[in-house]
Amino acid sequence: MRVYLLSFFLIITGSTLFAQKSCYQNSRLYLFNKHDEPRLFTDPLGRHPQFPFLQRVNGITTPELFIKSINDPHQQGRYTRTFPAFDLLLRNSGFEHGYKDLNTKNVRKVYITPGTIGNLGFFNQQTNVINYLYVKLNPAGESPEGIEAWKLINKNGCFLYILFTCGNAFYPNGDAVIVKGGSLVAVPAGGACCRTVTVNSSTTAVPQQKDSIQRKAQLRLNFYLAHVFPSNRKGSKYDTIVELVRHKDTTVHFKDRLVVPAKMDSASRIKYYSVCRDSTIQMHFPLVGDPTQQTDTAEPIRYVVADTVYDKQAPPKEEPE
């Protein structure tokens, strides 16, 4: 009985070790220098396409079209520099037969979170060089859900990304949070000094109403003048006196939709931050009406906006009343 149990555990252990074998990554795409600081990449994608036959602009919008493009002899003959480079990248990423190992089952469309750090490929046509930059990926003009990408997965579960817009390879240095179908999935990609955190905001609203209502809004704009002058108090360099110079009031009428719950767009619903050494996080949350407040149509809504101008001068002299 002990012999059978020992054999059973050896089989389980051997299977586990086999399943956990490391990914074959023999490309500069996977080489990170832990001492480098990533370059903030905010330009629109597509200026230096690495694999142009995989770009959105060339009609690659589905996994079926992706596979059709890489198997098209016309495309292979047209891109004599970049297509062999794409095939070599796949072979150096664990795809034993290169592009022939790809099919619609191991090509998935995902969204990479803005601010993800990793290596981004590019092709310089002037110098005929394909290389990689270490960047903090936050390009302009991408989808509110994130940066669209194709995730290529080999038979061992190892992967790399081809960005949807530009057709460039990308591989994260750390945990890339991938948004797929509204859910968040953390994909580990090796050790790193940075981690991506996600803030998911939500709101509740009153039941849906069909019509909006006419309502008054009283608007006031206050103008203040602040005088900054040297202070006589110990420990304080300056004192400030603020005076109301003038104000403007107006009343407008509008259709109040506060009784109709507002829907938060996908860009404001989820916030992503990449936290590294000496990181500064800026949180931008949109101002939205609270549907549980100010729903009495008999009362006007009041808004006050203030504008203050500061000047450094001697304090004004006080005069008796």
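Accessible area here comes from the Shrake-Rupley method with a 1.4 Å probe. By that yardstick the protein exposes about 20,700 Å², and carbon and sulfur atoms supply 53% of this surface. Keep in mind as you look around that this is a predicted model.

Let's start with the overall picture. The protein has five helices and 14 strands. Of its 321 residues, 36% count as buried. If you take contacts between residues at least 6 apart in sequence, 69% of them join residues at least 24 apart.

Now go to helix H2, residues 63–70. Phe66, Ile67, Ser69 and Ile70 are its buried residues, and they span an arc of only 160° around the axis, so they sit on the same side of H2. What lies over them? The cover includes helix H3 (73–78), helix H4 (82–91), strand E2 (107–112) and strand E5 (147–153).

H4 itself is mostly covered, with seven of its ten residues buried. Those are Thr82, Phe83, Ala85, Phe86, Asp87, Leu89 and Leu90.

Both helices feed into the largest nonpolar core, which has 44 residues. Within this core, Phe66, Ile70, Phe86, Leu102, Leu152 and Leu163 touch the most other members. H2, H4, E2 and E5 each supply at least two residues, and so do strands E3 (116–124), E4 (129–137), E6 (159–163) and E7 (169–172). Leu152 is a nice spot to zoom in on. Setting aside neighbours within four places in sequence, Leu152 is in contact with Phe66, Phe86, Leu90, Phe95, Leu102, Asn106 and Val107, and also with Cys158, Phe159, Leu160 and Ile162.

Next, step into the loop between H4 and E2, where you'll find Asn92. This residue is buried, at a relative accessible area of 16%. Not counting residues up to four places away in sequence, Asn92 touches Tyr24, Gln25, Asn26, Ser27 and Tyr30.

That loop also takes us to the salt bridges, of which the structure holds six. The side chains of Glu96 and Lys155 meet in one of them, at 3.2 Å from N to O. Glu96 belongs to the loop between H4 and E2, while Lys155 belongs to the loop between E5 and E6, so the pair ties together parts 59 residues apart in sequence. Both partners are exposed.

Further along the chain, Arg220 pairs with Asp249, and the closest N and O atoms are 2.7 Å apart. This link runs between strand E11 (residues 213–230), which holds Arg220, and strand E12 (residues 238–256), which holds Asp249, with 29 residues separating the two in sequence. Arg220 is partly exposed at 34% relative accessible area, and Asp249 is partly exposed too, at 46%.

How do the partners in the Arg233–Asp239 salt bridge compare, buried or exposed? Asp239 counts as buried at 16% relative accessibility, whereas Arg233 is exposed at 53%. Their closest N and O atoms are 2.6 Å apart. Elsewhere, salt bridges with shared partners join Arg56, Lys109 and Glu148 into one network.

To finish, look at the surface for a nonpolar patch formed by Leu219, Val252 and Tyr303, which together have about 240 Å² of accessible area. Tyr303 is in strand E14 (residues 301–312) and is partly exposed, at 44% relative accessible area.

Key. Residues are numbered from 1 along each chain as its sequence is written. This is a predicted model: local features need pLDDT of at least 70, side-chain atom pairs count only at pLDDT 80 or more; totals for chains, interfaces and linings use all residues. Side-chain values use heavy atoms; hydrogens and water are left out. Buried means under 20% relative accessible area, exposed over 50%, partly exposed in between (1.4 Å probe, protein chains only). Helices (H or I, at least four residues) and strands (E, at least two) are DSSP runs, numbered from the N terminus. The arc is that of the directions from the helix axis to the C-beta atoms. Contact means heavy atoms within 4.5 Å. Patches are made of residues with over 30% relative accessible area and no salt bridge: like charges are joined within 9 Å, nonpolar side chains (Val, Leu, Ile, Met, Phe, Trp, Tyr) within 5 Å. A salt bridge is a side-chain nitrogen of Lys or Arg within 4 Å of a carboxyl oxygen of Asp or Glu. A nonpolar core is a set of buried Ala, Val, Leu, Ile, Met, Phe, Trp, Tyr and Cys residues joined through side-chain atoms within 4.5 Å.
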